[in-house]
Structure formats: C-alpha cells, structure tokens
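Reader: Hi! I have a new model open and would love to talk through some of its details with you. Could you walk me through it?

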Amino acid sequence: MYDAIVVGARCAGSPVAMLLARRGYRVLLVDKVTQPTDTVSTHYLQQYGLAALQRWGLLDALVATGVPAITRMTVSYLDNRIDGFADPLDGVAATYAPRRTVLDPILLDAAKAAGVEVREGYTVRELVTEDGRVVGIRGGRGAEAPTEERARIVIGADGSQSFVAKAVGAEIYKTIPAASFVYYSYWTGLDTHFHSRIGVDQQVGVWPTNGGRTLMAIMKPLDRWAEFRTDVEANFLQVVKDVVPDIAEQVADSGERQERFTGIRYPDNYYRRSHGPGWALLGDAGYHKDPITGQGISDALVHAELLADHVEQGLAGQRPLDEAVAEYAAVRDERTGSAFEFAATIGELRLPAHLAAIFQVLAVNETYAKDFYNVIAGAMRGEDFFHPDNVAKMLGSV
Ligand SMILES: Cc1cc2nc3c(=O)[nH]c(=O)nc-3n(C[C@H](O)[C@H](O)[C@H](O)COP(=O)(O)OP(=O)(O)OC[C@H]3O[C@@H](n4cnc5c(N)ncnc54)[C@H](O)[C@@H]3O)c2cc1C
C-alpha cells in the first residue's frame, strides 16, 4: 500500500512524486517509457518554472548541462517589436530551453533520490476502484502479467491523452478549439537570441538549446496543414524567410539542420475536471493551452508543488483528502485563467484589435514592455496587466 501512485514521470509526475517522498510519504511513480526519451515539445522554461527548480535544489543541475542562458528576448507582432526581459524572479535572472531528454531525467533522478519507487517501461492499463473510489492501478511491463498496486491517491500526470482521465471519466468543462499546427527542428551554425514573431497568419520561434543547437519552430493555421505537408522543408524555410528574414539569411549562409522535422496539430485548449474520489490530474492531463506562450512545462512544475501541498494536507489528516485535492484544482484554475485565454487568443496568429493595439504600445513603451515580460515570466498577474483600467492607461499613453 502506497500513500500515492503517480502515473507519468515527466515534468508534472516526477516533481509531485519527489515532493511527497521528501515529506516522508511512500510513493510509486510509473511511466510507460524509459528516460531519456524525447517527447514533442519545444521546451522553453519560464522564470516561475525555473524558480520552482531552484526551490527544489535542481536548477544548478540543469545549468550544469551547458544549456545556454537566455537574457534577452524579442517578441513581435507584425512590425511591433518588443525587446526586453523580465525582472529577476526569486533570484532567477535568465531563462533556459533544455531538451526534454535533459530536463525529464533530472526530474526523474531527483524523484529517485528522494526515495520514490520508480518503474519505467510500465504501462497502466486499468484503475482499481472500490465503492466508487479509485484505490489503485493495474499494469505492467510488456507481456508480463499485470500487477495490482494500491494507494490512498492515484495522480494522473500522464499527458493530454491521459489514461487516468479517461478511466475516471473526467469531463472537459472549458475548451477553446486549437487554431494552429507546429513544425520544428534543430540547427547548428546560427547565432541568435530568443525571438518569437507572429507575421501574417504564421509565426516563427527561435531559441538556443543544449549541444550548441538552435531550435526553430513555425506555426500556421490548421487549415494549411495538408498543403504544408506536401513539402515540409521548403514550406518551413519559406515561413522563416517571410517572418524573420535576417534569420533565414543565417540559415542559408551557415545553418545546418541536425535533426528531422517534428510536426503536430495542437490538441484543443482545455480544462478537465482534475479531482475526484481517490484521484487527481496534474499537468497536461488536467489542463492544456496552446504552447505559443511556452508555459506548459513551467505550469506542470508549479502545479506539482501546489498538488503536493494539498495532497499532504489530506495524507497528514489535516482535512479530508478529496476536499484538499478539490481545492488544488480550484486554485490552479483561478491562477491560470488569464494565461489560458491569452495563449488561445494569440495561438490564432491574428490578434483581435484590442490586443494588436496593446502590442503597438508595448513596442514603444519600455515600462509596459517590462510589465508584459513580467507577466509571461510569472512575476506579474495577467489579470492585473489585462485589467480594463490598465489597458485604458496603456492605450492612453500613446
Ligand atoms: C509542439 C509543442 C511544443 C511545446 N513547447 C513548449 C514550450 O516551449 N514550453 C513549455 O513550457 N511547454 C511546451 N509545450 C507543452 C509541454 O510539452 C507540456 O505542457 C508538458 O509536456 C506537460 O507535461 P506532463 O508531464 O503533464 O505530460 P507529458 O510530458 O505528456 O508526460 C506524460 C507522461 O505520461 C506517460 N504515460 C501516459 N500514459 C501512460 C500510461 N497509461 N501508463 C504509464 N505512463 C503513461 C507518458 O509516457 C509520458 O512520459 C509544448 C507542447 C507541444 C505539443
């Protein structure tokens, strides 16, 4: 009998398992893959996610992998270019975009070091329920006979296609259809800082990562998917040329693509019910938004901490476990509402008039530009930045 079983051992699952084990609880963490294994993600971390790694004593290990520090950013919408960077957050003054084959093993190793029992290559195939309550899992490795494991809570940190969510029938209660698709790959021979630019119905993101490689990603509206795929390389390079011509020149002069292209149609933006008798959902399993704002991993990290705090209240007998976990989900929703709307809106790649007008202000006003970067970094609440009074003040400043 475990205190907690966590399904999925990446940026949501490993930290929640680690935090509970560090507090003395007996935790089983399972994942159907074995680390290091890549996953579809462009892996940019925000300061609030990095601050969580720092609180847990894991930031130094990440920096030691040689992943380049990012201290300067350019975000542009059409010809409105916002240069800047957020204020330091809890002492974190740079951001990083570590490969998932680098980040996820650091998180998993930290869980192991905390005493979590880890089973890799282990697929959960069934939830065990009693009297309407989830009390465990059934699953195993490959063709091995399935084993049954029991716990006071089962946490589904198993991604957007979450098995746990399906098994408990967790319904989606808020959704905004996905608007775009992405393709990305990695180049050597490029010398760029972080740049994300939305052009006419298309976007390019460029940032450095491990191994001297630069990630380049493009986004386009979903209805261009079939046409784009007829010639991925040529169409990719055309988008780069249209949107960031200076980088396209570098690609032509000195860039060498080192990996194949990865492409995906984004899942819809959603909130899924993330608590119930004996279970909780964490990370993309419970909440997903367009990756254009690069917040999914950082959210998974900070929500792992939020969930661990609440699960502990239940396991320690301070209050009923299910009530504590319900509060975790409510707090998560309250803290992410503005970022969810913002990501889904700019993911359309064509900004509504009020947002386009705000971008015009940000391009010429350093103070508001700093606020904007602080919102993305997690140092300022989106609700405050986008509050009608603040928007009126910003728009009145030009
Ligand atoms: C194209 C793209 C680009 C992105 N770029 C960024 C970015 O730049 N920055 C950012 O912060 N976020 C980004 N994201 C979002 C980010 O990748 C996710 O928010 C993040 O991976 C969620 O982490 P997770 O741990 O919840 O789920 P996942 O990373 O999906 O991990 C789930 C794990 O559960 C395991 N699992 C699933 N089912 C089972 C089962 N039945 N039994 C056992 N194990 C199981 C899987 O093997 C997997 O390892 C991007 C996403 C996409 C698609």
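Author: Happy to. Let's begin with a loop: in this predicted model, Asp 131 sits between strand E6 (123–130) and strand E7 (133–140).

Reader: What is the phi of Asp 131 like, positive or negative?

Author: Asp 131 has a positive phi of about 50°, although it is not a glycine.

Reader: Nice. Another backbone question: is the peptide bond from Gln 35 to Pro 36 cis or trans?

Author: That bond is cis, with omega near 0°.

Reader: And where is Pro 36?

Author: Pro 36 is in the loop that runs between strand E2 (27–31) and H2.

Reader: Since H2 came up, at what angle do H2 and H9 pack?

Author: Helix H2 (residues 47–55) and helix H9 (residues 296–315) pack at about 45°, and their axes are 8 Å apart. Angles from 35 to 65 degrees count as oblique, so H2 and H9 are oblique to each other. The crossing of H2 past H9 is left-handed.

Reader: Which residues make that contact?

Author: From H2 there are Tyr 48, Gly 49, Ala 52, Leu 53 and Arg 55, while H9 brings Ser 298, Asp 299, Leu 301, Val 302 and Glu 305. Sorted by class, the contact of H2 with H9 has 5 nonpolar, 2 polar and 3 charged residues.

Reader: Let's move along the chain. How do the axes of H11 and H14 cross?

Author: The axes of helix H11 (residues 353–364) and helix H14 (residues 388–396) cross at roughly 55° and come within 9 Å. H11 and H14 are therefore oblique to each other. Here too there is a handedness to give: H11 passes H14 in a left-handed crossing.

Reader: Which side chains should I click on for H11 and H14, I mean, which residues meet?

Author: On H11, pick Ala 357, Ile 358, Val 361 and Leu 362; they meet Val 391, Met 394 and Leu 395 of H14. In this contact of H11 with H14, 7 residues are nonpolar, with no polar and no charged ones.

Reader: How about H1 and H4, what angle do their axes cross at?

Author: Helix H1 (residues 13–22) and helix H4 (residues 100–113) have axes that cross at roughly 20° and come within 8 Å. That makes H1 roughly parallel to H4, because angles under 35 degrees count as roughly parallel. H1 passes H4 in a left-handed crossing.

Reader: And which residues of H1 and H4 meet?

Author: Ser 14, Pro 15 and Met 18 of H1 meet Leu 107, Leu 108, Ala 110 and Ala 111 of H4. By class, this contact of H1 with H4 has 6 nonpolar residues, 1 polar and no charged.

Reader: Last one, where does H10 bend?

Author: H10 bends at Thr 336, by about 50°. Helix H10 (residues 321–346) has 26 residues and reaches 37 Å from its first C-alpha to its last, close to the 38 Å expected.

Reader: Great, thanks for the tour!

Technical notes
Residues numbered from 1 in each chain as written. Predicted model: local features only at pLDDT ≥ 70, side-chain atom pairs only at ≥ 80, totals over all residues. Heavy atoms only, no water. Helix = DSSP H or I, 4+ residues; strand = E, 2+ residues; numbered from the N terminus. Expected span 1.5 Å × (residues − 1). Bend = angle between axes of the 7 residues up to and from the residue. Axes fitted to C-alpha atoms, helices over the stretch in contact; angles between N-to-C directions. Parallel < 35°, antiparallel > 145°, perpendicular 65-115°, else oblique. Left-handed = near helix turned anticlockwise from the far one by under 90°. Contact = heavy atoms within 4.5 Å. Nonpolar A, V, L, I, M, F, W, Y, C, P; charged D, E, K, R; others polar.
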